[in-house]
Amino acid sequence: MRNTNKNHAKYQLFQIKILFVVLLIPCVTVLAKERNQSVIPLNGIWMFKTDPMGMGLQSNGLQMFTSITETITLPGSTDEAGKGLRTQSISSIRLTRTNEYKGPAWYEKEVFVPLEWKDKEVKLFLERVHWESKLWVNGKYAGSDESLSVPHVYPIEQLLKFGEKNNIRLRVNNELIYDIQYSHAISAETQTNWNGIVGKIELQAENKVSITDVQIFPDVTNKKIKLDIMISNADKALLKGKLLLNATTKDGSIKVAVKEVQISSNDSLPTISVDYPMGNIIKTWDEFSPDLYQLNVQLFNDAEVSDSKTYDFGMREVGTKNTRFTLNGKEIFIRGTVNSAEFPLTGYPPTDKKGWEKVLVTCKDYGLNLVRFHSWCPPEAAFEVADSIGIYLQIENSDWRFNVGEHAATDDFLRRESLRILKTYGNHPSFLFFCEGNELVGKGVKEYLSGLINMWKEDTRHLYTGSAAYPYISENQYNVLYGARPHRWKEGLKSKFNAAPLNTLYDYSDYVKKYSVPMITHEIGQWCVYPDFNEIPKYTGVLKPYNYQIFRESLRDHHMLELADNFTSASGKFHLILKKEEFESYYRTPGMAGYHLLQLNDFPGQGTAPVGVVDVFYNPKTYVTAKEFSAMQSPCLPLLVTSSFVWTNNQEFTAEIRMVNFSQHLLKKKQVSWILQHANGKVYKQGSFAARDLPRSGPYSIGSLKVSLKDITKAEQLKLIVRVAGTEYQNKWDLWVYPQHLPQITESADVRIADSWNPEVKEKLKRGETVLLLADTASVKHTVSSCFSGISWNAVWSGMPPELLGIFCNPAHPLFAYFPTEYHSNWQWWDLVIPSRLMNLDQMPPSFFPLLQMIPDWNKNSKLGLVIEAKVGNGKLLICSIDLKTNMEKRPVARQFLYSLKNYVNSPQFDPKDVLSETMIDQLFVKNNVN
């Protein structure tokens with residue numbers, strides 16, 4: 001538990017540093033619910049002019065545009081207004097902007113300011129600007145700002161004419177003000193570097209003596225909050241009055257005693273620090289119970305109410321215990337996803353709660369408890385929604401650089417930006433973690449990050465880390481590190497899921513033990529799904545899916561468009577299987593703090609990465625429901641530790657059941673039971689363990705299983721289900737059991753088995769015989785490397801295998817009568833697809849399809865087969881390009897598949913309809929092997 005009492009003095013010094021920063025730029029205030037504030041909204045039509053050459057402003061500050069004649073609607077962007085250049089090219093690696101503008105743009109509006117505002121402080125408030133703004137009021141320069149993460153706020157009362165119309169002119173520049181082009185705050189891969197102003201655009205008037213800022217520091221241990229209240233006293237007159245503090249829970253169930261604080265000051269910006277006891281009974285905030293409080297602060301000056309503001313906050317303390325996170329003293333496990341600012345309808349993030357409810361409620365529904373904002377900071381509404389539903393946030397600065405510490409101006413901008421973020425959004429209970437950015441590199445990167453972290457730590461409300469993925473910084477309070485993944489970047493076919501059949505005896509303890517602070521695994525679960533072309537009509541905004549249209553037309557050119565939905569569904573089911581095992585590997589790891597999924601939704605750039613279980617609009621995909629995906633990463637989850645998922649019926653299935661419990665409470669006297677059932681749901685064996693308490697934490701052992709498989713007489717796919725009685729918590733796994741000894745096959749007299757395509761085989765086919773060609777894989781001409789796993793991120797970006805998305809087949813086809821399978825890949829297919837060569841069937845007739853197909857990379861869309869059948873000459877031919885010869889005594893899956901193949905070709909059901917010539921078959925093999 002972190003001691004907020006001890007660290008509060010440090011924070012006061014930290015506040016001085018922030019104050020110094022904000023005095024150098026237009027003042028940024030925490031957004032609050034303000035009862036006494038007068039507001040004039042500036043939404044609507046503005047005058048507009050692009051200035052791509054920067055001619056509108058001379059170096060001496062003189063404006064060259066006397067009038068602006070175009071119009072634009074704000075809030076909005078130049079893309080939405082159709083300003084700038086119309087796109088002349090399209091790309092397969094990202095979405096395409098229909099219009100693009102880069103450079104300064106001028107925005108102008110006439111606004112009437114009432115006479116009664118004459119004795120007020122008046123500010124122009126711009127919630128989100130991209131990204132440098134300069135302001136003139138009635139022709140006089142009012143200043144500039146350059147934040148991507150917080151509002152631009154300008155004090156302008158000295159320049160206004162009260163009781164008259166006033167001219168507001170803004171110059172917004174979205175050029176590369178600083179070299180941070182890879183940051184998702186401006187990246188072309190997702191949000192785009194739009195020009196404009198979104199969110200609230202308004203004039204705000206307040207009394208000369210008003211509450212400027214309130215920073216709230218919950219102290220759960222001591223049941224109080226610490227407040228730093230900044231007051232604006234612009235005229236420096238003697239301020240003699242009091243503050244009334246009044247807190248209640250938002251549901252009204254707890255009313256905290258009112259506290260009165262006397263004040264006396266003639267400073268222009270006095271800060272009042274005060275402790276406010278919250279009473280004997282408090283409600284804490286977390287993912288399970290996101291209970292919020294409201295704090296009303298009233299300012300009395302000479303017995304009159306000068307200002308009143310209300311702030312939401314939560315009673316919560318985030319800390320660490322060894323290598324785990326704690327929240328309010330309880331261990332938590334992070335189940336996170338990355339958000340990279342993908343908003344293809346607008347090109348910019350929503351600033352309203354409805355827009356963020358779509359994103360964050362979906363994340364919550366799918367079982368996540370955290371969202372990491374990759375190299376960008378969302379607007380206020382995101383924090384408000386996260387507070388209300390109980391989801392944790394990792395906020396990041398707009399930093400994804402390869403020259404950190406090498407450019408002083410950029411370093412300084414981002415340093416100041418980090419302080420603005422902490423000040424503006426720091427009160428939100430959802431704001432648990434802060435990070436400078438992603439994968440940072442540079443000659444001075446460690447020194448720069450160390451300095452930032454030491455500065456940030458003075459604000460004790462959050463935990464801090466320097467950079468996601470790398471480098472490691474000793475000052476980190478937690479790590480987000482790359483490496484603890486079954487498929488690392490550019491690992492290719494040497495990755496865990498491709499190198500060996502699955503077992504669950506492994507974990508990532510070696511990574512955890514390297515550090516004394518919690519470790520979150522960086523960007524896991526990057527398994528792709530074949531693009532769903534049904535999503536194309538959804539892109540009705542500024543970004544168009546020409547990449548998806550290119551992929552669709554490529555699939556059409558390869559005569560497989562009719563299989564598009566099948567490819568999406570089969571690859572989707574397979575990528576769920578891969579993700580499930582990846583999740584469980586982190587749960588299995590003692591001391592692991594959690595993971596960041598890359599990501600829940602599809603990523604439309606960087607080569608196009610359809611890695612999500614929801615689409616880029618956060619709509620569900622057809623192959624999985626929120627309930628199903630949430631169950632895969634439940635806060636309380638049974639785990640299976642076993643040496644294999646493939647067994648023979650002369651063995652005993654052995655495993656250990658473990659448990660993790662990061663739910664809200666310890667589960668008392670719970671019985672854990674298990675069922676091993678057949679595919680039809682009939683129970684094969686079942687049992688249970690003695691009832692016991694399931695404490696919060698884990699993993700810990702529940703007990704061992706040892707099940708004889710002798711009563712299974714034919715190949716079966718079984719399901720093992722483990723449940724916690726009286727709860728919704730359960731988990732399930734597929735197991736495959738094959739006969740050790742297979743019965744004899746009734747062989748037809750005219751069936752011949754061959755291992756090469758040769759004149760003898762051709763002659764047999766001419767005579768009308770049936771040939772099962774178990775091709776020597778070395779003889780198969782191939783264009784794609786065989787692999788088991790799906791594509792990680794995408795093959796265009798990595799430039800290497802894996803380049804496939806699993807198998808696709810019809811399980812009801814008689815070829816699979818003795819080989820139980822789904823229509824998609826599962827773990828038993830490892831021993832078939834790894835020792836295989838894929839037959840490229842692009843030169844076959846358009847209507848020809850394999851019986852067993854591999855789903856291709858959507859960039860290539862080759863028709864790839866492992867088993868094909870055809871009439872050739874007067875005979876019938878079945879070709880299998882899987883190695884079904886090597887070490888067969890140790891390969892029960894291969895033995896069973898061969899058995900099913902042989903039964904099929906010896907049955908009356910083997911009756912191919914497609915006709916292929918010898919020349920077509922010749923093309924499948926290397927020339928030296930064709931005689």
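This passage describes a predicted model, moving from the whole chain to selected local features.

The chain contains 15 helices and 51 strands. Its radius of gyration is 32 Å, close to the 30 Å that the globule rule gives for 931 residues, so the chain is as compact as a globular protein of that length. Along the principal axes, the C-alpha trace spans about 110 × 70 × 45 Å. Of the 931 residues, 63% count as buried. Contacts reach across the sequence as well: among those between residues at least 6 apart in sequence, 73% join residues at least 24 apart.

A helpful place to see such contacts is Arg372, a residue of strand 27, which covers residues 370-373. Arg372 is buried, with a relative accessible area of 0%. Its C-alpha atom is separated by 4.7 Å from that of Val338, although the two residues are 34 apart along the chain. Once neighbours within four places in sequence are left aside, the contacts of Arg372 include Thr337, Val338 and Asn339. Also in contact with Arg372 are Gln394, Glu396, Asn438, Ala468, His522, Glu523 and His596.

Further along the chain, helix 11 occupies residues 759-766, and its buried residues are Val761, Lys762, Lys764 and Leu765. Viewed down the helix axis, these buried residues fall within an arc of 160 degrees, so they line one face of helix 11. The cover over them includes four strands and a helix, as follows: strand 45 (751-754), strand 46 (770-774), strand 50 (864-872), strand 51 (875-880) and helix 15 (918-922). Both ends of helix 11 repay a look. At its start, a side-chain oxygen of Asn758 comes to within 3.1 Å of the backbone nitrogen of Glu760. Just after the helix, Gly768 adopts a positive phi of about 90 degrees.

The cysteines can be treated briefly. A search of the whole structure returned zero disulfides. For Cys809, the closest cysteine sulfur belongs to Cys880 and is 13 Å away, too far for a bond, since a disulfide requires sulfur atoms within 2.5 Å. Cys880 is likewise in no disulfide, its nearest cysteine sulfur being that of Cys809. Both sites are covered: Cys809 counts as buried at 4% relative accessibility, and Cys880 is buried with a relative accessible area of 0%.

The loop between strand 51 and helix 14 holds a second arginine of interest, Arg891. At 8% relative accessibility, Arg891 counts as buried, because the cut-off for that class is under 20%. A polar atom of the Arg891 side chain lies 2.8 Å from the backbone oxygen of Thr886. Beyond its neighbours within four places in sequence, Arg891 is in contact with Asp831, Pro835, Asp883, Lys885 and Thr886. Thr886 thus appears both in this list of contacts and as the residue whose backbone oxygen faces the polar side-chain atom at 2.8 Å.

Helix 14 itself runs over residues 892-905. At 1.5 Å a residue, its 14 residues should span 20 Å, and the end C-alpha atoms are indeed 20 Å apart, so the expected and modelled spans agree. Helix 14 is also mostly covered, with 13 of its 14 residues buried.

Note on methods:
Residues are numbered from 1 along each chain as its sequence is written. This is a predicted model: local features need pLDDT of at least 70, side-chain atom pairs count only at pLDDT 80 or more; totals for chains, interfaces and linings use all residues. Side-chain values use heavy atoms; hydrogens and water are left out. Buried means under 20% relative accessible area, exposed over 50%, partly exposed in between (1.4 Å probe, protein chains only). Helices (H or I, at least four residues) and strands (E, at least two) are DSSP runs, numbered from the N terminus. The arc is that of the directions from the helix axis to the C-beta atoms. Contact means heavy atoms within 4.5 Å. A polar contact is a pair of N or O atoms within 3.5 Å; within protein, one must be able to donate a hydrogen and the other to accept it, and residues adjacent in sequence count only if both atoms are side-chain atoms. The expected span of a helix is 1.5 Å times one less than its number of residues. The radius of gyration is taken over C-alpha atoms; the globule rule is 2.2 Å times the number of residues to the power 0.38.
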